[in-house]
Each structure stands twice: as structure tokens, then as C-alpha cells.
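The questions below go through the structure one local feature and one chain at a time. Each answer gives its reasoning and ends on what was asked.

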Amino acid sequence: MEVIGSDTEFQGSVLVVGGGIAGMQAAMDAANAGFFVHLVERSPAIGGIMARLDKTFPTNDCSM
Amino acid sequence: MDTEKCIACGLCAEKCPKKVTDLFNEGLIKRKAIYVPYAQAVPLKYAIDPESCIYLQKGKCGACEKLCPSGAINFKDRESVIEREVGSVILAPGFRSYDPSGLDFYAYDRSADVVTAPEFERMLSAGGPTAGHLLKPSGRAQGIEPEKIAWIQCVGSRDQNRCGHEYCSAVCCMFAVKQAVIAREHSRRPLDCAIFFMDLRTQGKDFDRYVDRAKKDGVRFVRARVHSIEPTGSEDGLRLRYALEDGSLAEEAFDVVVLSTGLEIDPGAKTLADRLTVDLDADGFVKASPLSPVCTSVPGIYACGAFTGPKDIPHSVMEASAAASAATEKIAAARHTRTRAVQRPEQIDVRQENPRIGVFVCNCGINIGGVVRVPEVVRFAETLPSVVYVEENLFTCSQDTQDKIVDIIREKRLNRVVVAACTPRTHESLFQETMAGAGLNKYLFEMANIRNHDSWVHANDPDAATKKAKDLVRMAVVKAALLRPLDEDQLPLTRTALVVGGGIAGMTAALCLAEQGYPVDLVERSDRLGGHGRRLLETGAGEPMAPFVEGLAERVVNHPDIRVHLESSVTAVEGFVGNFNTTVTSADGAAAIEHGVAVLATGAAESRPAEYLYGEHPAVVTSLELDDLIAGESGKVSAASDVLFVQCVGSRDDERPYCSKVCCTHSIQSALKIKRRNPEANVFVLYRDIRTYGQRETLYNQARKSGVHFFRYSLANKPNVSANGKKVRVEFIDPLLDRRFFVDADLLCLASAIVPRRNEELAQMFKVPTDADGWLLEAHQKLRPVDAATDGVFLCGMAHYPKPVDESIAQAKAAAARAATYLSMEAISVGGIVSVIDERDCTGCGACVAVCPYSAITMDQSRKTAVVNPALCKGCGACAAACPSETPKLMGFTHAQLYAQIKGALAA
Amino acid sequence: MTLKRMRFLQEVLDFVGLGGRLHMEWISSAEAQKFAQVVTDFTEKIRRLGPNPLHAFIQPDMILRPRVVAASGLKSTAAEKEDAKGSLPFTGKQ
Amino acid sequence: MKDQVKKWLESGTVDIFLGMKMVDGHPLPHAFTLGNISDLEELVPGTVRYPLETFAAELAAENPDARIGLAARECTQRALNVLSLWNQAPTDRIETIKLNCCPSPLKEHAACSYLDPPEAGLFKKHFGIDNAADPEAVARFEPRERFSRWMYEFQKCIKCYGCRNICPVCFCEDCSLEHKDLIGTGQLPPEAPIFHLVRAVHMAGRCIDCGLCEEACPADIPLRLLYRKVNAVVDDLFDYRAGEGEQPPPFNIIGERPSLEPKPMENGSACPQR
């Protein structure tokens with residue numbers, strides 16, 4: 001990996017931009033694997049577009 | 001807004017004088033300038049919209065600041081820049097829905113009854129502006145319900161002329177069908193739903209089944225491109241004009257038209273990408289190779305979700321996990337360096353003590369206290385048995401109250417705590433932490449929800465609310481008296497993984513895990529790695545497969561942390577997450593492998609068609625066989641002057657109702673190759689729906705431009721194939737001209753179905769169920785697409801469902817990421833709220849074994865008793881309900897505790 | 001499955017004369033209005049059905065009571081069925 | 001039959017044969033083995049009914065190698081099927097001699113043996129439920145009357161547990177009917193209707209309609225009718241008949257797709273029903 005030079009120490013943290021379903025999942029997985037996560041979302045709540053959906057296919061589950 | 005202080009009481013929004021358009025509800029209703037986006041928002045904290053706030057704009061008002069009971073509002077708060085150093089970055093900015101405003105022929109600007117799909121989604125939602133009551137937008141005030149709704153597909157997708165988006169948005173066909181089904185459910189009257197489409201692209205797992213159900217249910221599917229929507233201004237509503245397949249023009253009136261608007265990238269996301277110098281493609285999506293689906297052009301920056309191409313939720317979730325895997329791979333050495341563990345005092349043993357219950361009743365500002373007479377509830381609680389201390393708090397959840405609770409637990413020697421406040425869903429863990437901080441077992445805690453279940457529901461009836469609060473407190477107290485401390489054991493875990501299957505998915509998963517620092521055993525049935533990847537020629541983007549697969553296999557074989565077992569198979573599996581013990585058998589004998597997690601990547605197979613003269617005539621081949629012919633440079637391909645492809649051979653029929661997902665793209669790629677090699681050749685594709693979803697649409701357009709002929713056939717009118725010397729004669733009906741044609745083809749390529757491998761035994765050993773079609777079943781189709789229902793077992797690649805290479809790789813990386821969340825744990829925490837079976841009372845009838853959804857209960861045949869594995873038990877209680885003699889005890893919810901609670905409820 | 005179990009209980013309760021007091025509805029967390037409506041409707045329905053007749057049974061002396069009541073309802077053994085019905089021992093109104 | 005049993009024991013087809021033996025004029029359950037083969041003279045064939053299958057199950061559990069024989073009526077066979085499904089009786093080690101049903105004047109009324117139910121007395125006629133009635137007849141009463149009549153029956157219960165003790169398919173170690181939080185102790189009659197309804201629910205999909213409970217009941221409660229009803233509901237909902245075939249018990253299935261809709265609320269609900 002060239003961007004982080006061999007003399008720099010790795011940061012054990014990840015920045016996730018976007019708090020929709022993908023951002024949330026990525027943040028959870030990274031955090032649960034032992035990395036500190038900064039999650040940035042521009043709106044006041046996470047959830048993204050999925051939170052606006054009524055039900056989801058093909059199981060007709062509630063999207064909340 | 002200080003989110004630490006905000007208690008989401010809602011007073012501010014109630015008093016806020018400024019109303020603004022609610023964008024969450026697609027502008028269909030108004031909200032206040034201080035707001036929560038929606039009722040279930042996380043965090044559930046109010047926010048000020050600075051563009052609309054009167055105080056922030058004009059310096060006056062400030063009503064909310066004065067009213068806020070917790071002093072959470074601070075108008076002096078300013079935007080601040082926070083700098084953080086991070087190891088890697090994941091971009092997941094999502095998409096926005098295409099805005100059809102400019103398209104005059106769809107009359108979106110002119111008629112309220114033409115709505116976009118996201119708007120319709122809010123109209124259907126129970127949490128939306130009409131509370132899920134389906135109303136005609138133009139007649140909402142009068143309560144007029146629609147009788148006929150039309151969906152127009154491909155608005156802002158597959159349309160280069162008007163909106164410049166060549167790609168298919170991949171999700172609209174399914175969401176339109178879903179909306180039609182749900183709309184019919186919501187409507188009190190029979191609702192006529194029609195979907196106008198070009199190709200029905202429902203290629204996902206179980207999607208075609210859903211469509212079949214919709215068809216049976218009466219949703220109409222009309223294969224037509226609607227060219228105009230005209231508001232009639234009369235009761236007729238909207239007039240749709242369109243051309244039917246046979247060329248005749250048709251007209252039909254609808255009350256509401258839903259435009260199935262496609263996905264596009266938000267300009268904000270493009271700016272973000274520019275700032276980070278991440279390359280985007282012509283469509284605005286992140287430029288990524290199908291062979292490394294979540295990597296951007298900048299090392300250390302990864303992307304997932306709709307930002308890398310239009311996709312549905314399960315695929316987004318998969319990619320998100322894949323991105324987490326990729327983003328943490330290179331910084332794996334720094335794992336746990338930025339996180340910290342919690343310190344707690346030693347636990348006090350209270351088992352020999354009589355219950356001493358402390359009750360904390362919360363006012364929740366005025367949320368509870370404004371309705372329920374809290375002092376009266378406090379006095380009542382004092383009279384309850386075993387209660388030794390009762391206290392009223394303004395906010396029981398505040399930090400200073402936590403400290404106070406700890407002091408009181410010590411001072412009054414409390415050994416059970418009841419908090420009467422809001423919902424355990426959000427606050428139980430906080431109070432349990434407080435308990436642990438005071439040295440009490442966290443399971444000696446009980447909550448009574450006197451807010452959501454009481455003060456909010458009976459806001460206008462303080463007497464009833466107070467009475468109910470007492471009932472709820474009594475129920476909690478009688479249950480609390482019976483609570484017992486529950487132990488959680490910490491089991492050590494083996495930090496290694498077993499990957500079954502050495503195809504692209506299996507190798508990718510193995511490599512990702514090894515890069516994360518976890519040793520991997522890779523088991524492959526055949527004598528070499530690569531699987532089907534070795535027979536594929538190139539990816540959807542035209543990259544050659546062979547060097548990639550070769551390179552991948554080499555890296556796997558040479559990786560110090562990967563042990564490859566060729567010509568081996570799994571013959572026995574014991575144990576559970578963290579502690580599996582698997583027997584792998586090869587010609588050399590059996591070997592026991594200990595591992596903490598397992599990834600199943602056993603792939604799928606190409607079916608051998610039983611029709612169209614396959615196996616009887618040398619000109620008839622399958623897709624993969626054609627690939628072999630093309631790769632082998634045999635004269636057979638170059639010499640062919642007429643080549644014909646038949647799609648959906650063995651897919652989407654009665655026997656296999658699913659779509660094999662990759663064949664449309666595969667056949668079109670092969671067709672293009674043949675055309676390139678011999679431009680004079682006539683190439684025909686007989687299809688049912690062309691499913692080049694997402695950006696694969698480009699290939700379809702290329703094929704049409706290069707002169708490949710496409711003809712549609714239906715299941716009722718399948719083509720007829722007969723031998724004609726060295727050629728085969730294929731007869732079919734062209735629905736456009738309504739005439740019979742035949743082609744004497746030198747080569748007939750059958751896009752045969754992809755079928756699951758018959759590995760029920762392996763699935764059974766790992767306790768992973770298969771679905772009706774034989775694919776391995778994930779824990780949740782949307783939200784846990786790579787987890788199996790069994791903890792510590794993951795699936796990826798074709799074993800889960802047919803999918804192209806990029807999706808297989810993403811899913812494999814995702815499986816590695818999910819597996820890493822277990823492998824990085826300190827220990828496996830076992831116990832707590834789990835079921836316990838006393839073998840003296842167990843008759844061994846097996847009812848609990850049959851109902852356990854997590855296969856956590858097994859039958860000890862020698863002793864004839866059921867045994868619960870606490871590492872697998874999730875505490876759902878199904879066994880406790882199924883047992884005829886109430887033998888399984890669900891700790892924390894035992895029969896005795898529940899009966900006490902019921903009696904408490906009825907004691908008034 | 002839940003649905004079938006509930007149906008089963010509904011049928012059994014109906015068979016012993018306690019029908020209509022059990023109801024199940026699928027309501028998601030996003031369907032607050034529907035929840036409120038269902039609960040309101042069901043409360044209304046239960047109110048119409050009247051108090052639970054079982055309440056008449058919490059007295060400790062009930063082993064004796066029905067015989068006494070029965071005897072009083074049996075002045076003439078040839079009493080018409082309607083009469084007998086009129087003096088059914090457990091109607092929940094007592 | 002005696003000859004057959006003798007042959008079985010001598011040839012080792014079975015190690016133990018369970019039957020009734022006449023002791024001082026009373027038929028009592030007895031285990032006939034090679035060791036006491038002379039006892040076979042006392043074997044009572046036919047008429048006596050007793051759930052020997054429960055002994056067979058217990059014996060089989062205690063002696064994992066023993067092969068057990070017994071005479072089986074149709075109901076015995078059904079009970080063995082149920083016990084086998086519930087993992088209580090290893091049917092591969094249990095041999096049966098087919099036995100005709102004991103003669104019963106009401107045989108045409110029921111599927112198998114049904115001892116003459118007592119002629120319903122006046123009280124029962126007016127306030128209770130005739131043991132010979134069928135579920136449909138009971139369903140024809142008005143709900144309030146139905147409730148009253150059932151309560152009349154249930155409150156006669158003296159909590160002798162006879163119904164449970166004689167039941168060939170009751171095998172729990174820890175019986176719910178003795179759960180102190182469910183059924184209070186020292187109270188007569190037991191909490192009506194909870195006692196009987198709990199038992200009825202446990203009988204659903206399990207009762208093999210042998211009628212022993214009703215024979216055992218000193219209070220003449222029409223238990224068989226109640227259990228026939230719960231079985232009918234199970235048949236209706238799950239297409240399952242207890243004692244027949246090898247299907248797993250219906251209440252233990254999870255994860256199937258629902259094939260029903262919730263029962264609509266009567267008197268009109270404002271909620272949109274599908």
C-alpha cells in the first residue's frame with residue numbers, strides 16, 4: 001500500500017461517509033471488527049432512503 | 001441542538017411557529033423548522049433546520065429555547081470543522097431519485113396525480129402523510145380514493161434521448177410490482193393496477209416468484225412504452241397513450257400515474273468524489289472494476305452501495321460489508337488500537353438475599369409527568385411487596401441520575417431495580433450498565449414503560465394514565481422479585497476460518513480473511529482452484545478472466561496463512577461459533593480442523609438442457625460450451641454464418657421459477673464476440689425479457705448497434721428446433737410482425753439454467769437451510785444477505801443464488817468482513833437470556849428441538865433429554881412455548897416470572 | 001404458524017362459549033394508526049360482549065352453588081327447555 | 001392368544017409380553033416373560049382396557065435391548081404411533097398382537113370401543129352436556145348457554161387427575177396441571193375452565209380418542225367430546241389427524257409460509273382487511 005508509508009503508523013480507524021443502509025452496514029462491520037468508526041451523515045438522522053420506503057420486496061418486510 | 005441533552009419530548013416542535021415543506025415525505029406535507037425526520041429516527045433527537053428557523057434567519061422567536069425542559073437548544077452553536085486522522089475511508093453517499101420535472105410528456109409538473117415512485121412510497125406508508133390511507137393526490141382534501149393506478153417503468157433509465165441515462169436502474173421493476181401489490185392491499189375497493197414496462201427485470205432471489213404472485217393477484221403487466229400522459233381535466237383523470245407490441249395504438253385513463261423514476265448520483269456526491277480525486281464513470285458512478293468491486297481509483301478510499309452503480313438493498317448491504325473488509329484489510333495490524341474495553345466492579349452475590357427492590361419513576365420532563373400523577377405512582381410503589389426504596393426523577397436516564405442510582409443501590413443494599421420510564425428498547429442497556437457499575441448483575445433489572453405505553457397513549461386522561469402506570473409498575477415489581485442473576489460465560493474462540501469451495505468466491509473470502517490476519521483452511525472438491533471462473537472468458541466490463549483467476553489462485557496457494565485442501569470434502573461438523581471442529585476427508589484420510597467460523601462458497605452448476613436437441617445434435621451447445629469453443633479458437637465459431645441464442649432454457653419455468661440472472665449478459669457478450677470475429681455472421685437472440693440490469697445495459701445497446709437481432713418469445717410459444725443436416729432449424733414467432741420465422745443455425749447456444757449443487761448434506765452439517773429452489777438460505781434476505789441463520793456460518797457466491805463475478809466477489813468479501821466481526825472478538829459471550837432445560841423434567845419428546853429456529857437444542861438420545869447449547873440459543877422462547885410440560889426455562893422470562901406478571905396485571 | 005395457533009385457540013374458546021375475545025392482526029412498527037385502530041375496535045367489541053363470564057367463578061364456594069341454582073330451576077321436571085335455559089347457572093351476570 | 005404369546009416368548013420374538021393377569025378376580029397389568037411363562041394361564045385376553053402401551057414405553061426406555069410385546073386394539077396402535085412420534089416409544093422394539101375392539105353397543109357411534117355412556121340425567125340434560133353429544137350439537141347452543149353448560153361440567157371436577165393418569169399419550173414428567181402458578185393447589189374444583197382447557201390444548205393433535213379418560217372420570221365430564229373438538233380444529237387447520245401416519249406433530253413446525261389470513265373481527269373493523 002503506497003499511500004500509507006512504511007514509516008507512518010496505521011490508524012486503526014475508518015471514516016464512513018453516508019448513513020444510509022450501506023453506510024450503516026459498513027460502519028457496523030468495521031466497528032465490530034475492532035476499528036474505531038467515524039460515521040458522517042449530512043441529515044439529522046441515519047437511515048437514508050431506505051427509511052422512507054414503506055415495505056421492501058420480496059418479503060414485504062417493514063423497512064424500518 | 002445538544003443531542004446529549006435532547007430528550008425528544010417534542011415541546012419545541014409543538015410550539016415552533018414556522019412550517020416548512022417536509023422533504024422526508026417527498027414534500028407531500030409540512031413539518032416544523034425544528035423537527036425529527038421521522039418517528040423512528042436514530043438518533044431520536046430534534047434538529048433545527050437553519051434555512052427555515054426564524055431565529056437563525058431573523059434573530060427573533062427563540063420559542064423553543066425558552067420551552068425546552070432540558071436546555072438542549074443553543075442558538076449560538078456554530079458549524080465547526082473537526083479533523084480526524086483515519087486509516088481508510090468508505091464512501092456510501094447513496095443516490096437520489098431521478099427528477100422527471102423536465103419531461104413534459106409525462107405531465108409531472110402539470111398534474112398532482114402524476115407522482116414519482118418515492119412519493120408514492122410515502123403515500124403508501126403508514127408513517128406517511130395519509131397514514132397509509134391511499135388517496136388521489138388531487139382529491140386528498142375530499143378523501144377521494146383512486147380506482148386505477150398505472151406505473152410507467154424506465155423513467156430516467158434506459159433513455160439516452162431525454163434524460164441521458166443509458167443504464168438500467170435495476171430496482172424499479174421490483175419496486176413497481178411491490179408498490180402495486182401493497183397498493184391493492186391498502187385499498188378498500190378492488191384496485192386496478194397496471195405496470196407499463198419494456199423488459200421485466202426481476203432477476204433477484206425470489207423476485208420472479210413475487211411477480212408471479214402479483215400476476216395471480218390481478219396486477220396487470222402491459223409490455224408497452226407509454227409515450228404520453230395527458231391530464232384530461234375531467235373525471236377521467238389522466239389519459240395514457242401507448243403503442244402495443246403489435247403496433248396498434250391504445251389509450252387508457254387512470255386516476256393516478258406513478259413514474260418509476262430511476263437512480264442517479266447526487267451532485268453533492270460527485271463533488272465529494274472530485275475533492276477526493278476518486279474517478280467516476282460517464283454515468284457518475286464510481287469507476288470500479290468488477291474484479292475489485294469496492295475499490296476506487298484512490299488507494300485507501302473505498303465505495304459501496306448505489307454510488308458504485310444502481311443496485312438493490314441486499315446487494316448494497318453486501319457491498320457495504322465488502323467495503324468494510326477491504327477498508328480494514330490494510331490496517332488490520334492496528335485492530336483494537338483505537339477502541340477500548342469497559343471496566344466494571346466485581347459482582348455482588350445476591351442469590352441468598354431476599355429481594356430488596358428499588359423503584360425509580362421518571363417524569364421524563366413533562367412527557368410522563370404532564371399526564372401521569374407521578375407522586376401518586378411513587379406512593380403506590382412504596383406499598384408493593386419487597387419494595388424498599390422509591391424515588392421520583394425528572395429524567396431517570398440523565399447522567400447524574402445514573403450516579404445517584406449507583407449510590408442508592410449501595411446505600412439501601414438494593415438487589416433488584418425497576419425503572420418506570422420509557423422503552424427498554426432504547427434505555428434498558430443504559431440502566432443495565434448502571435447496575436453493572438454498582439456491582440449488580442445486569443439481569444436484576446426490569447423496566448415499566450409508562451411513557452410510550454401510557455402517557456403518550458392516554459395523554460387526555462390523567463386518571464386512566466395514572467391507574468395504568470400503577471398496573472405497569474406492579475407488573476414490573478412482581479416480576480423483578482423473581483429475577484435471578486444470570487451468568488454470561490466467556491468462551492475462548494479459535495481465530496481461524498474454514499472456507500468450503502475453491503472458486504472465485506471461496507478464494508476471495510479466504511484471501512480477505514488471511515489478509516485480516518486470520519489463518520484459513522480452504523477445502524476444494526476438485527483437483528485445482530478456480531471453479532467456474534476458469535471457464536469464463538471475461539467480465540461484464542470486458543476484462544479477461546483467466547489472468548485474474550490464475551493470479552488469485554496463485555496468491556491463495558502462496559499465502560502463508562492459507563492451507564489449501566484439494567480433492568477434499570467436509571464429512572462432519574461439530575461445535576458452534578468460535579469453536580467448530582470439522583472433519584475434512586480426502587484420499588489420504590480424514591483430518592480434523594478446528595476453526596471459529598465457516599464460509600460456504602460451494603458454487604452452482606450449469607444445467608444440462610433436456611430440450612432443443614441438446615446432446616443429440618453437434619450444433620447445439622450451452623453458454624459455457626460456447627465459451628470453450630470461442631476460447632479454443634476452433635473454426636466452428638469463425639465459420640458459423642448463422643448463430644442463434646435461446647435464453648431462459650430451464651429458467652423461469654414451472655420447474656425452476658427463478659431467473660439465472662447472468663445468462664442475458666453472458667449471451668450478449670458472446671454474441672458481440674462472434675460479431676467481432678465475423679461481422680458478416682447473422683446473430684439472433686431469442687429472449688423472454690432482456691435482463692441486462694444496471695450498467696450492463698450498455699452491452700445490450702452495443703449488441704443492437706452491431707446488428708445482433710433480438711426476438712422475444714413467450715413460455716407458451718417456445719421456439720421449435722429440428723435437425724437440418726449439419727445445421728439445426730429453429731422456428732419461432734416474432735410478436736412484432738406476428739409472423740413465423742425460421743433460422744438454419746450453424747450454432748445454437750442454449751442459455752441453460754444455473755442450478756444449485758446438491759449439497760444438502762453439507763448444508764445440514766452446518767445447519768444452513770436451503771430454499772425451495774435449493775439455494776442456501778441467508779438469515780435475512782435484505783439485511784443479512786451473507787450470514788446464515790447459524791452464528792458463525794456465512795455464505796457467498798453462486799451457492800446463495802446465481803450472480804455475476806462482481807457480485808460474487810463483493811459477497812465473498814462481505815462474508816469475510818462478517819466473519820471478521822466474530823474472529824476479532826475477545827471471547828464468545830454465552831448465556832444470559834437463554835433457555836435452560838432441567839433434564840430431570842425432560843421427557844425427550846423433541847418438541848423443542850423441532851421448533852428451535854437456531855438449531856440450538858439437540859437430543860441426547862442416550863439420556864433421552866434435550867440439551868440447549870447456550871452459544872447458539874438466542875433466547876426467543878419458542879421452546880418454552882412448545883414444551884407440553886414447561887420444562888425449558890427462558891432465563892429472564894421464566895414461566896413463573898411471566899405468570900407473576902400476568903397476575904400482577906390482573907390484580908387491580 | 002402463529003396464525004394457526006391463534007385460530008386454534010379462537011375455535012377452542014368459542015367452543016366453550018368464550019368466543020370473540022381473542023384477535024390477532026399483523027401490524028408493523030411503522031403502522032401506528034393501524035395499531036390504534038385495531039386496539040380501539042377490539043376494545044369496543046369486548047365492551048359489547050360484556051364482562052368476562054369467568055369472573056363469576058372466582059368464589060370459593062362454587063362447587064355448591066350450581067346445584068342449588070340448578071335445583072331451583074327444576075321445580076317442574078317437565079320444564080320446557082326454554083325455562084331451563086332461563087335459569088342456566090353460569091351466565092356471567094351474577 | 002396364549003399360544004401366540006408363548007410362541008413369541010419361546011422363540012425370542014419378544015422378551016417381555018405385557019398383558020393383564022387375573023389376580024384374585026381382578027385383572028392387573030403383568031409382564032409375562034420366559035421366567036414366569038406359567039403365568040400365561042392367568043392371561044386375560046380381550047375385554048379389559050388399560051393403557052399398557054405406557055408401560056411398554058417405560059420398559060423400553062429402561063431396558064434398551066428388550067423387545068416387548070403387547071396386545072393392541074386400534075386405539076393402542078394409534079397411541080403407540082403418537083408415542084413414537086414424540087420420541088417416547090421405540091416402535092421397532094414393540095411387537096403387537098392385533099386385538100378386536102371390545103364389543104360395544106355404541107360402536108357405530110365412534111370409531112372404536114366406546115363403553116356405554118350413562119344415560120344423561122335430568123341435571124345433565126338441563127345444565128350440562130350429554131357425553132354422547134357430538135361437537136356440532138354443542139356448537140348449536142348460544143355462546144352464553146354453551147359457556148354455562150361447559151362450566152357446569154367443569155365445576156364437577158374433583159381434580160383426581162384420573163383423566164391424565166389413565167391417558168396413554170400423557171407422558172410428561174412435569175405436568176402443567178400441577179404447575180402451581182397455573183393451577184393453584186388446595187382448591188376445588190380446580191380453576192375452571194383453565195384446568196380442563198389446558199389439558200384440552202395439550203391433547204390437540206395428540207388425543208387418539210380411546211375414551212379411557214371419560215371412563216375414568218368419576219364426574220362424568222364429557223372429556224372425549226372436548227378432545228374430539230380440539231382434534232377436529234387441528235385437522236381443519238393443519239390437515240393432521242393424531243395417531244395416523246408419520247407426520248410430525250403440527251404445533252412443532254416453524255417457518256412455514258402462512259396459508260391463512262387473520263380472522264377478521266366481526267361487527268366490522270375499520271382497518272383495511274386484505
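Q: In which loop of chain B is B:Tyr612 found?
A: The model is predicted. Two strands of chain B flank B:Tyr612, strand 29 (604–606) and strand 30 (620–622). B:Tyr612 belongs to neither strand, and its place is the loop between strand 29 and strand 30.

Q: Is B:Tyr612 buried or exposed?
A: A residue counts as buried under 20% relative accessible area and as exposed over 50%. B:Tyr612 has a relative accessible area of 9%, so this loop residue is buried.

Q: What is the phi of B:Leu613?
A: Most residues other than glycine have a negative phi. B:Tyr612 has a positive phi, near 55°. B:Leu613, also placed in the loop between strand 29 and strand 30 of chain B, is another residue other than glycine with a positive value. The phi of B:Leu613 is near 60°.

Q: How does B:Ala459 count in terms of accessibility?
A: B:Ala459 lies in the loop between helix 12 (451–455) and helix 13 (462–481) of chain B. The range for partly exposed lies between the 20% and 50% cut-offs. With a relative accessibility of 43%, B:Ala459 therefore counts as partly exposed.

Q: What separates the C-alpha atoms of B:Ala459 and B:Val372?
A: Along the chain, B:Ala459 and B:Val372 are 87 residues apart. In space, the separation of their C-alpha atoms is 8.6 Å.

Q: Which residues of helix 19 of chain B are buried?
A: Helix 19 covers residues 697–705 of chain B. Its buried residues pack against helix 18 (663–677), strand 32 (682–687) and strand 33 (709–712) of chain B. The buried residues are B:Glu697, B:Leu699, B:Tyr700, B:Asn701 and B:Ala703.

Q: Which residue takes a positive phi just after helix 19 of chain B?
A: The position in question follows the end of helix 19. Its phi is about 95°, and the residue is B:Gly707.

Q: Why does chain B count as being as compact as a globular protein of its length?
A: The secondary structure of chain B comes to 24 helices and 46 strands. For 908 residues the globule rule gives 29 Å, and chain B is as compact as a globular protein of that length because its radius of gyration is close to that, at 31 Å.

Q: What percentage of the residues of chain B count as buried?
A: The C-alpha trace of chain B spans about 100 × 80 × 55 Å along its principal axes. Among its contacts between residues at least 6 apart in sequence, 68% join residues at least 24 apart. The accessible surface comes to about 37600 Å², with 50% of it belonging to carbon and sulfur atoms. Of the 908 residues, the part that counts as buried is 58%.

Q: How far apart do the centres of the positive and negative side chains of chain B lie?
A: Chain B has 106 positive side chains and 114 negative ones. The centres of these two sets lie apart by 3 Å.

Q: Which chains share the most contacts?
A: Five pairs of chains are in contact. Chain A and chain D do not touch, their nearest C-alpha atoms being 11 Å apart. The pair with the most contacts is chains A and B.

Q: Which residues of chain B lose the most area to chain A?
A: The contact takes 72 residues from chain B and 45 residues from chain A. It buries about 4900 Å², of which carbon and sulfur atoms give 65%. Three residues together make up 11% of what the chain B side buries, and these are B:Ile90, B:Arg338 and B:Lys782.

Q: How many helices and strands are there in chain D?
A: Of the 274 residues of chain D, 53% count as buried. Chain D exposes about 12600 Å², and carbon and sulfur atoms supply 50% of that. Its secondary structure consists of 10 helices and five strands.

Q: In what order do the elements of chain C run from the N terminus?
A: Chain C has four helices and zero strands. Of its 94 residues, 41% count as buried, and its accessible surface comes to about 5300 Å². From the N terminus on, the order is α-α-α-α.

Technical notes
Residues numbered from 1 in each chain as written. Chains lettered and ligands numbered in written order. Predicted model: local features only at pLDDT ≥ 70, side-chain atom pairs only at ≥ 80, totals over all residues. Heavy atoms only, no water. Contact = heavy atoms within 4.5 Å. Rg over C-alpha atoms; globule rule 2.2 N^0.38 Å. Buried < 20%, exposed > 50% of the residue type's maximum accessible area, 1.4 Å probe, protein only. Areas by Shrake-Rupley, 256 points an atom, 1.4 Å probe, with all protein chains shown as cover. Lys, Arg positive; Asp, Glu negative; His and termini not counted. Charge placed at Lys NZ, Arg CZ, Asp CG, Glu CD. Buried area = accessible area lost by both parts, 1.4 Å probe.
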